[in-house]
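Visitor: Hi, I'm new to this one and would like to be walked through it. Could you put it up so that we can both look?
Guide: Of course, here it is.

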Amino acid sequence: MKKTVFVSIVGRPNVGKSTLMNRILGEKVAIVSSKPQTTRECVRGILTRGEDQFVFFDTPGMHRAQSRLGDYMVDAAENGMMQGDVVMIVADVTRQPSETEKKVVNYLKKSKRPSVLVLNKIDTANRETIAATIAAYAAIHSFDAVVPVCAKNGTHVDEVLDELSHFLRESEWFYPEDEITDQSMRRYASEIVREKLLRALDREVPHGIAVVTEGYTEEEGLTKIRCEIICEKPGHKKIIIGKGGELIKRVGTYAREELEKVTGGKVYLDLWVKVKENWRDREGLVRTLGYDRREFEKKDGE
Ligand SMILES: Nc1nc2c(ncn2[C@@H]2O[C@H](COP(=O)(O)OP(=O)(O)OP(=O)(O)O)[C@@H](O)[C@H]2O)c(=O)[nH]1
Ligand SMILES: [Mg+2]
């Protein structure tokens with residue numbers, strides 16, 4: 001008997017939502033970095049085990065939006081939260097519940113959705129801290145389950161899946177059993193490039209970057225990919241390129257190596273940098289760069 005459950009993964013930026021989803025799937029579907037606001041749109045990850053299919057929505061971290069792009073991300077997070085049969089809220093175990101978690105709890109109470117609270121990064125906390133955080137959360141909501149984990153090394157991640165399996169319902173699957181994401185290879189390629197940039201760059205530059213795949217062709221085992229890196233200022237372009245092209249070359253090498261693992265063949269990756277002043281605040285550009293609000297309207301209208 002086939003069963004399915006849709007799981008929304010929500011929480012503040014940088015708590016480890018994408019790391020946790022990748023760990024559960026055993027595959028890297030969503031990009032991860034130490035910078036907050038890494039995930040910008042809802043990414044689906046699918047795990048099919050025996051007759052059970054788990055569909056995860058990894059969402060952008062909830063925050064106070066300060067740009068058009070930020071508005072888009074917060075909308076994506078809220079829409080993603082509403083699409084799940086169960087809400088998996090991920091929080092940093094060393095921190096007390098903040099406004100964001102309280103907002104999610106309000107939604108849970110109103111919508112009467114089941115919820116699993118995952119307290120991540122237990123590798124950075126002692127027993128007392130973990131117990132105190134569990135108590136603080138217990139005081140604001142009666143979650144269906146609370147699981148302290150370390151998504152980074154996998155500790156207790158199986159228990160998360162056990163808890164989620166209680167919410168499986170008899171249903172046809174929504175994806176073929178070998179599918180792990182709804183992301184296209186074009187999108188994945190640009191996300192991997194963005195991840196390497198986030199990791200290579202400091203301070204304010206990374207948040208102002210978008211990456212778009214302009215060309216993607218496969219011929220006789222060689223995948224040719226052309227990505228455009230969009231940044232906000234000529235000064236940022238200089239930083240991204242680096243002295244003598246050093247930084248962009250390094251980013252290109254890391255991205256190519258990772259894409260070769262995924263495609264299983266040779267990859268030729270061509271990177272270009274362009275400046276579009278203040279694109280994060282220009283609705284038209286935010287859309288052109290792939291962050292499109294209408295996507296949700298379509299999904300909601302289905
Ligand atoms: N110490 C520790 N770090 C972790 C753990 N899980 C994730 N991280 C780190 O936390 C940072 C953020 O991880 P992400 O998975 O990108 O976080 P996110 O919640 O998806 O962030 P946004 O997409 O920005 O909302 C990365 O540097 C991870 O390596 C963990 O269990 N322990
Ligand atoms: Mg993320």
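Guide: A good starting point is Ser18, where a polar side-chain atom lies 2.9 Å from an oxygen atom of ligand 1, a polar contact being a pair of N or O atoms within 3.5 Å. Please keep in mind that this is a predicted model, in which local features need pLDDT of at least 70 and side-chain atom pairs count only at pLDDT 80 or more, while totals for chains, interfaces and linings use all residues. Residues are numbered from 1 along each chain as its sequence is written, chains are lettered from A and ligands numbered from 1 in the order in which they are written, and side-chain values use heavy atoms, with hydrogens and water left out.

Visitor: OK, and what does Lys121 do with its side chain there, how far is it from an oxygen atom of ligand 1?
Guide: An N or O atom in the side chain of Lys121 is 3.1 Å from an oxygen atom of ligand 1, and for Ser33 a backbone N or O atom lies 3.4 Å from an oxygen atom of the ligand.

Visitor: How much of ligand 1 does the protein bury?
Guide: The protein buries 91% of the 660 Å² that ligand 1 exposes when taken alone, with areas from the Shrake-Rupley method and a 1.4 Å probe.

Visitor: How many residues surround it, then?
Guide: There are 22 residues around ligand 1, and the closest are Lys17, Thr19, Gln37, Thr38 and Thr39, where a residue counts as near if one of its heavy atoms lies within 4 Å. By class, this shell has six nonpolar, twelve polar and four charged residues, with Gly counted among the polar ones.

Visitor: Where does ligand 1 sit?
Guide: Ligand 1 sits in the largest pocket, in the sense that more than half of its atoms lie within 2 Å of the pocket's grid points. A pocket is an open set of points on a 1 Å grid over the protein atoms alone, where a 1.4 Å probe fits, with protein on both sides within 12 Å along at least five of seven lines, and lining residues have an atom within 4 Å of a point.

Visitor: What volume does the largest pocket have?
Guide: Its volume is about 520 Å³, meaning the space filled by probe spheres set on the points. Of the 25 residues that line the largest pocket, the closest to its centre are Gly16, Thr19, Val32, Ser33 and Lys121.

Definitions and conventions: A polar contact is a pair of N or O atoms within 3.5 Å; within protein, one must be able to donate a hydrogen and the other to accept it, and residues adjacent in sequence count only if both atoms are side-chain atoms.
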